[in-house]
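Please read the following report alongside the sequence and the coordinates. The report treats the packing of the interior, the charged pairs and the nonpolar surface in turn.

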Amino acid sequence: MTLDDLYATILARKDADPSSSWTAQLLAKGPEKCAEKFGEEAVEAIIEAVKGDRDALTGEAADVLYHLLVMLAARDVPLSDVLDTLATRQSQSGIAEKASRAP
């Protein structure tokens, strides 16, 4: 499965009956709930990274990616826009790119 495949599945469930799909349930609760769930999953991934449990971190990383894509879908941000932004950043060093965003 690719991120594009997962995002397409999430979009396909965006207007589904919330009783038929966890994704539809989450999206029906609104962008704020989607963001909250993404944050919870990110914290869980951090905990597993610190603990050093590779298998648990792998599972939590999958949850983070899924919930990130749900959050993007909730705000109508195409995954392609995120990937395009990453592509533009690839042409310069991370240090230079980060410095260009400093206030």
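What follows is a description of a predicted model.

**Nonpolar core**

The largest nonpolar core comprises 13 residues, and those with the most contacts inside it are Y7, I10, L27, C34, L69 and V70. Three helices, α1 (3-12), α2 (22-28) and α4 (54-74), each contribute at least two residues to this core, and the largest share, six residues, is supplied by α4.

C34, named among the residues with the most contacts inside the core, touches L26, L27, V70, M71 and A74 once its neighbours within four places in sequence are left aside. T23, which is located in helix α2, has a relative accessibility of 4% and therefore counts as buried, the cut-off being under 20%. With neighbours within four places in sequence again set aside, the contacts of T23 are I10, R13, Y66 and V70, and of these residues I10 and V70 also appear among those with the most contacts inside the largest nonpolar core.

**Salt bridges**

Six salt bridges are present in the structure, and the table gives three of them with the separation of their closest N and O atoms.

| Lys partner | Acidic partner | N to O distance |
|---|---|---|
| K14 | D76 | 2.4 Å |
| K37 | E41 | 3.3 Å |
| K51 | E48 | 3.5 Å |

The pair formed by K14 and D76 links distant parts of the chain, since K14 belongs to the loop between α1 and α2 whereas D76 belongs to the loop between α4 and α5 (79-89), with their positions 62 residues apart in sequence. As for solvent accessibility, K14 is classed as partly exposed at 27% relative accessibility, while D76, at 58%, is classed as exposed because exposed means over 50%.

Both K37 and E41 are placed in helix α3 (residues 31-51), where they are four residues apart, or about one turn of the helix. E41 counts as buried, with a relative accessibility of 5%.

K51 and E48 are likewise residues of helix α3, and because they are three residues apart, about one helical turn separates them. Which of the two classes, buried or exposed, applies to E48 in this pair? At 13% relative accessibility E48 counts as buried, whereas K51, at 57%, counts as exposed. Elsewhere, K37, E40 and E41 are joined into one network by salt bridges that share partners.

**Nonpolar surface and the loop before α5**

V82, L83 and L86 make up a nonpolar surface patch of about 230 Å². Within this patch, L83 has its place in helix α5 and counts as partly exposed, its relative accessibility being 37%.

V77 is found in the loop between α4 and α5, which is also the loop that holds D76. With a relative accessible area of 29%, V77 is partly exposed. Not counting residues up to four places away in sequence, V77 touches Y7, L72 and V82. Two of these contacts connect to features described above, as Y7 is one of the residues with the most contacts inside the largest nonpolar core and V82 is a member of the nonpolar surface patch.

How values were computed
Residues numbered from 1 in each chain as written. Predicted model: local features only at pLDDT ≥ 70, side-chain atom pairs only at ≥ 80, totals over all residues. Heavy atoms only, no water. Core = buried A, V, L, I, M, F, W, Y, C linked by side-chain atoms within 4.5 Å. Buried < 20%, exposed > 50% of the residue type's maximum accessible area, 1.4 Å probe, protein only. Contact = heavy atoms within 4.5 Å. Salt bridge = Lys/Arg side-chain N within 4 Å of Asp/Glu carboxyl O. Patch = residues over 30% accessible without salt bridge, like charges linked within 9 Å, V, L, I, M, F, W, Y side chains within 5 Å. Areas by Shrake-Rupley, 256 points an atom, 1.4 Å probe, with all protein chains shown as cover.
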